[in-house]
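Reader: I'm new to this one and would like a close look at a single part of it. Could you pick one stretch and walk me through what surrounds it?

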Amino acid sequence: LTLFVKLTEPHWVFLKATTIVLTLFSGLLLWTLWKRQPRGWKFLLVGLFLFNPTVALYSGSVMSEPCYSFSVLLAFVVLEKMIAKQDKRYAWLLGLVLAWSALIRPIGGILLVSVFLGLLREIRLAWALRSVGLAAAIEGAFLARNYGLTHTVSSYVSQWGGSLPFLWKNPSLWMENFADVMRCFFTGGVLGCPLLPTSISMRFLTSLAACLCLFLIGSGYKRLSAQKALSPAILTAMAVWGALYLLVHSFWTALDYRYAIPFIPVVLPFFLAGAESIRPKGKRPWAYTIGASAILITSYALLHGRLLNETWSSHRPPESLLPNQTYQWIRSALSPGAKILSKTDTTFLYTQRYVVSEIEAADLEEFRYRLMRLHVSYIFSTPGRMLEVSDGNHSSQYRWSRAILWASGWPNQFPLRYHNDTEDTTLYEVRPDPS
């Protein structure tokens, strides 16, 4: 999103418009990709995507997922054009799109693998090497640059290094994490029911719904392959990408509904085709279509109603509001060069103060040492779930809660600088060592 930040600076409010526009263009790409399907089917597909509660919730948020979702769909559209026109020049354009996708998010690299395997399905080795090779060269150059500047190719490497051994030693936790990913991506994403499983029975029902979605997606893939709705290369690339995206997130301990946004438009066509494949063949097949549509529309309507109520309600909880009074105080009281440890990057957008989002430390002394090394001047405590809808990311939440506990429990080194009861926010000052 760096390009969009540069274009909108300093009018940060307009930065939200970029995700809205990218979401709408993703709907257009979805229509273009499935242009050979019946008109009514395409309207249903695009409508379900654009009005999906999870997509709608984050369409105005400054997140990378809508941008990544757009890049994935654009790659599949360019791949379709290349195969349809039998023009190898599209391979270079596809390579640039693949590189862009990999630069948006580290997980974008799975798109290179997916497209390469898809082209091999049609024995297009030369095209695969040209497009994927160009993307890999560009991505490799940026990773080398990152390593030269920071001595690591990505900050995600250290996070993976901490979570993977932990999951490897505790397979039951990996299975639990995979079940949470299934519920998040299928029940919350595809079905549009982002409800927290607060009881055992609810967890069972959401898991059952997720398994049903997975079955319908598999059936839909077989149906669309038989109908030759798209070339085998594209269908294979989409299936491989969906499987890899799900697999990678099963090993990633952070979980948020926004991670499902790129997943939804890729698997939703297979879900619709799978739902159509089990439609009864009796005298009234329309009853099944109306019933299934009514269930989805009701689910969407309930979630949209809740979102609208939270938006316009005068009794909204602090975690759903921007702490504007606190942001105003930060802008007026803190120096422009102040560094703030803050849970959300939104603090930077509204205060123009440099933000450090997380610090890993084993104990209180190491925590203070790392703050001093990074020249962090203040610790910003906000309500527990401000500006996020999450049912995972346990390790991150634990580290942040522990950091606030350390800051509030050591007033000699972290004196209270500001507190707002209305917004439930607190700033602690990091006292430097005496010179």
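Author: Let's take helix H7 and go through its neighbours and its surface side. Keep in mind that this is a predicted model.

H7 covers residues 109–121. Start with the helix before it, H6, which spans residues 90–104. The axes of H6 and H7 come within 7 Å of each other and cross at roughly 145°. On the H6 side, the residues making the contact are Leu 94, Leu 98, Ser 101 and Ala 102, and H7 answers with Gly 109, Leu 111, Leu 112 and Val 115. Sorted by class, that contact has six nonpolar and two polar residues, with no charged ones.

Now for the other neighbour, helix H8, which runs over 125–150. Here the axes come within 8 Å and cross at roughly 170°, which makes H7 roughly antiparallel to H8. From H7, the contact uses Leu 112, Phe 116, Leu 119 and Leu 120. H8 brings a longer list, including Leu 125, Trp 127, Ala 128, Leu 129 and Val 132. By class there are eleven nonpolar residues, one polar and, again, no charged ones. Notice Leu 112: this H7 residue takes part in the contact with H6 and also in the one with H8.

So much for the contacts; what about the surface? Val 113, Leu 117, Leu 120, Leu 125 and Leu 129 form a nonpolar patch there, with about 410 Å² of accessible area together. H7 and H8 are the elements that each give two or more residues to this patch, and H7 has the largest share, with three. Leu 129 is a residue of H8. Some names should ring a bell: Leu 120, Leu 125 and Leu 129 belong to the patch and are also part of the contact between H7 and H8.

Definitions and conventions
Residues numbered from 1 in each chain as written. Predicted model: local features only at pLDDT ≥ 70, side-chain atom pairs only at ≥ 80, totals over all residues. Heavy atoms only, no water. Patch = residues over 30% accessible without salt bridge, like charges linked within 9 Å, V, L, I, M, F, W, Y side chains within 5 Å. Areas by Shrake-Rupley, 256 points an atom, 1.4 Å probe, with all protein chains shown as cover. Salt bridge = Lys/Arg side-chain N within 4 Å of Asp/Glu carboxyl O. Helix = DSSP H or I, 4+ residues; strand = E, 2+ residues; numbered from the N terminus. Axes fitted to C-alpha atoms, helices over the stretch in contact; angles between N-to-C directions. Contact = heavy atoms within 4.5 Å. Nonpolar A, V, L, I, M, F, W, Y, C, P; charged D, E, K, R; others polar. Parallel < 35°, antiparallel > 145°, perpendicular 65-115°, else oblique.
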